[in-house]
Amino acid sequence: QVQLVESGGGLLPAGGSLRLSCAASGGAFSNYAMGWFRQAPGKEREFVAAISRRAGNTYYQDSVKGRFTISRDNAKNTVYLQMNSLKPEDTAVYYCAARPAIRSGVAYYIRDSDYDYWGQGTQVTVSS
């Protein structure tokens, strides 16, 4: 069973950049496909980005394409979300999630029901 801890959130003005990190422990990180989700106040949690366990494949929500980049470092058991050109509508609690994907090194997953493990979240607030 893997434990996930997000970090890197904060308060910043629109147009700024932030890198979120999600450190995994308790499992073989390279066996997990990873994802980032977010939940804004009063809204449902939504998919942001996903990456396959071998880091070859990524997928993004349309609203973040070209601005956000998901990556992973299997040697450091960490997945990242680089966020550039941030907008006020990006304000949310950001969660990372993990799903065992031993049978496929290239699959990624975009539904929150696809994931088995979740971090506690980190707050990102973008001011206008």
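## Charges over rings

In this predicted model, R99 lies over the face of Y109, at 4.0 Å from the ring centre. A similar arrangement involves R72, which is placed over the face of F29 at 4.4 Å from the ring centre.

## Aromatic pairs

The structure holds 8 aromatic pairs. One of them joins Y32 and Y117 edge-to-face, with 6.1 Å from centre to centre and 70° between the planes; this pair links distant parts of the chain, since Y32 belongs to strand β4 and Y117 to strand β10 (residues 117-118), 85 residues apart. Y32 counts as buried, because its relative accessibility is 9%.

The rings of F37 and F47 have centres 5.7 Å apart and planes at 75°, so this pair is edge-to-face as well. Here F37 lies in strand β4 and F47 in strand β5, 10 residues apart. Both rings belong to buried residues, F37 with a relative accessible area of 1% and F47 with one of 11%. Ring pairs also link F37 and F47 into a cluster with Y59, Y108, Y109, Y115 and W118, and Y109 is the residue whose ring face lies under R99.

## The nonpolar cores

The largest nonpolar core has 29 residues, of which M34, W36, L81, M83 and Y94 touch the most other members. The elements that each give two or more residues to this core are β3 (18-25), β4 (32-39), β5 (46-51), β7 (68-73), β8 (78-83), β9 (92-100) and β11 (122-127). Apart from it lies another core, of 9 residues, among them A33, A50, A101 and A107.

Leaving aside residues up to four places away in sequence, M34 touches a set of residues that includes L4, C22, F29, I51, I70, R72, V79 and Y115. Two of these contacts of M34, F29 and R72, are the partners in the arrangement in which R72 lies over the ring of F29.

## The four-stranded sheet

An open sheet of 4 strands follows the order β1-β3-β8-β7, with antiparallel pairing. Its edge strands are β1 (3-7) and β7, each of which pairs on one side only, and neighbouring strands are turned by 15° against each other on average, direction ignored.

Along this order, 5 bridges join β1 to β3, with E6 having C22 of β3 as its bridge partner. Strands β3 and β8 pair over 6 bridges, and C22 stands opposite V79 in β8. A further 6 bridges join β7 to β8, where T69 stands opposite Q82; these two strands form a hairpin with 4 residues between them, and N77 in the turn has a positive phi of about 55°. Because 5 of the 6 residues of β8 are buried, this strand is largely enclosed by the rest of the structure.

Note on methods. Residues are numbered from 1 along each chain as its sequence is written. This is a predicted model: local features need pLDDT of at least 70, side-chain atom pairs count only at pLDDT 80 or more; totals for chains, interfaces and linings use all residues. Side-chain values use heavy atoms; hydrogens and water are left out. A nonpolar core is a set of buried Ala, Val, Leu, Ile, Met, Phe, Trp, Tyr and Cys residues joined through side-chain atoms within 4.5 Å. Buried means under 20% relative accessible area, exposed over 50%, partly exposed in between (1.4 Å probe, protein chains only). Contact means heavy atoms within 4.5 Å. Two strands pair if DSSP finds at least two bridges between them. Axes are lines fitted to C-alpha atoms, for helices over the stretch in contact, and angles run from 0 to 180 degrees between N-to-C directions. Rings of Phe, Tyr and Trp (its six-membered ring) pair if their centres lie within 6.5 Å; planes under 30 degrees apart count as stacked, over 60 as edge-to-face and the rest as tilted. A charge sits over a ring if NZ of Lys or CZ of Arg is within 6 Å of the ring centre and within 35 degrees of the ring normal.
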